[in-house]
Amino acid sequence: MDVLQKWNRSIPDGNGTAAAVLFFLLFIFLKQFYLFPSGGMEAADVCLFASFFMLLCDCMRRRPERLFQLKTEGLFYVFMAFVLVINTYYGIRLGRGEFFKYTCFWIFNACAIWSFCYLTEYGGKAFLTGINCVVKVNIGVQLLIYLSGHGRMFREYWGAIRYQGTFNDPNQLAFFLFMMILLLYLYRCRFGDRSFPVFYVLVLPVIAASKSTGILLGFLYLLFWLFCMGCIKLDAKRVYQ
């Protein structure tokens, strides 16, 4: 609630947009819960679209100049146009409906990106702090589910058993947690957050249980990167002392 109050104070007539902030934070929190097969509409997706359309109406009503910032977002819109044209062409030519399905996925991602950029631009640190808190809650939820033994298990065709938590696939779980760690790291780089190493360690048992090799390598690379950055900062301090 503190995030919404800060948003209202920072933006004139911000009560309507505060609801969009709440829906976007709910989208991040609920994205970890899969009730239906992958590719279908979940509660998190409904929250995202609610946030997006609220922000779109707010932008058209009060900030029409922000709707298309071609100088900074022009390549993004060009990319989306190519996605629509190429997928539509092959969907019609080959008569395969999955191309239109994939187009919907791209539109969904575009809505998430645009909403995040809009909220970050006008919400600033208050909005990013809200995301930081939700991300920590997500990591805690997945860790508790793993420790309680209530998470789903996935059996590979060759007999291996992998942990998938509340997701439909172990790789989904691993990718989600990796994105959570990256968001925490970016927040730490910009605003400072000493709790980042704690959550980095907390997420490792769940990632290991998912047995996602690619994500584990990503975590090791991130650890190597943090070690290198720490050494560089330490050397810089010694030089200037």
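Here are a few notes on the largest pocket and on one helix pair in this predicted model.

1. Start with the pocket. The largest one has a volume of about 1100 Å³, and 31 residues line it. If you want a spot to centre your view on, Phe27, Lys31, Phe108, Asn109 and Ala112 are the lining residues that lie nearest the pocket's centre.

2. Where does the lining come from? Helices H2 (15-30), H3 (43-62), H5 (98-148) and H6 (170-191) are the elements that each give two or more residues to it. H5 supplies the largest share, with 9 residues.

3. As for the chemistry of that lining, it splits into 22 nonpolar, 5 polar and 4 charged residues.

4. H5 turns up again in a helix pair, this time with H7 (residues 196-210). The two pack at an angle of about 45°, and their axes are 10 Å apart. Oblique is therefore the right word for how H5 sits relative to H7, since angles from 65 to 115 degrees would count as roughly perpendicular and those under 35 as roughly parallel. The crossing of H5 past H7 is left-handed.

5. Which residues make the H5 and H7 contact? On the H5 side they are Lys136, Ile139, Gln142, Leu143 and Tyr146. Facing them from H7 are Phe199, Leu202, Val203, Pro205, Val206 and Ala209. By type, this contact has 9 nonpolar residues, 1 polar and 1 charged.

Key. Residues numbered from 1 in each chain as written. Predicted model: local features only at pLDDT ≥ 70, side-chain atom pairs only at ≥ 80, totals over all residues. Heavy atoms only, no water. 1 Å grid on protein atoms, 1.4 Å probe; cavity = no way out; pocket = protein on both sides within 12 Å on 5 of 7 lines; lining within 4 Å. Points joined across faces, edges and corners; volume = space filled by probe spheres on them. Helix = DSSP H or I, 4+ residues; strand = E, 2+ residues; numbered from the N terminus. Nonpolar A, V, L, I, M, F, W, Y, C, P; charged D, E, K, R; others polar. Axes fitted to C-alpha atoms, helices over the stretch in contact; angles between N-to-C directions. Parallel < 35°, antiparallel > 145°, perpendicular 65-115°, else oblique. Left-handed = near helix turned anticlockwise from the far one by under 90°. Contact = heavy atoms within 4.5 Å.
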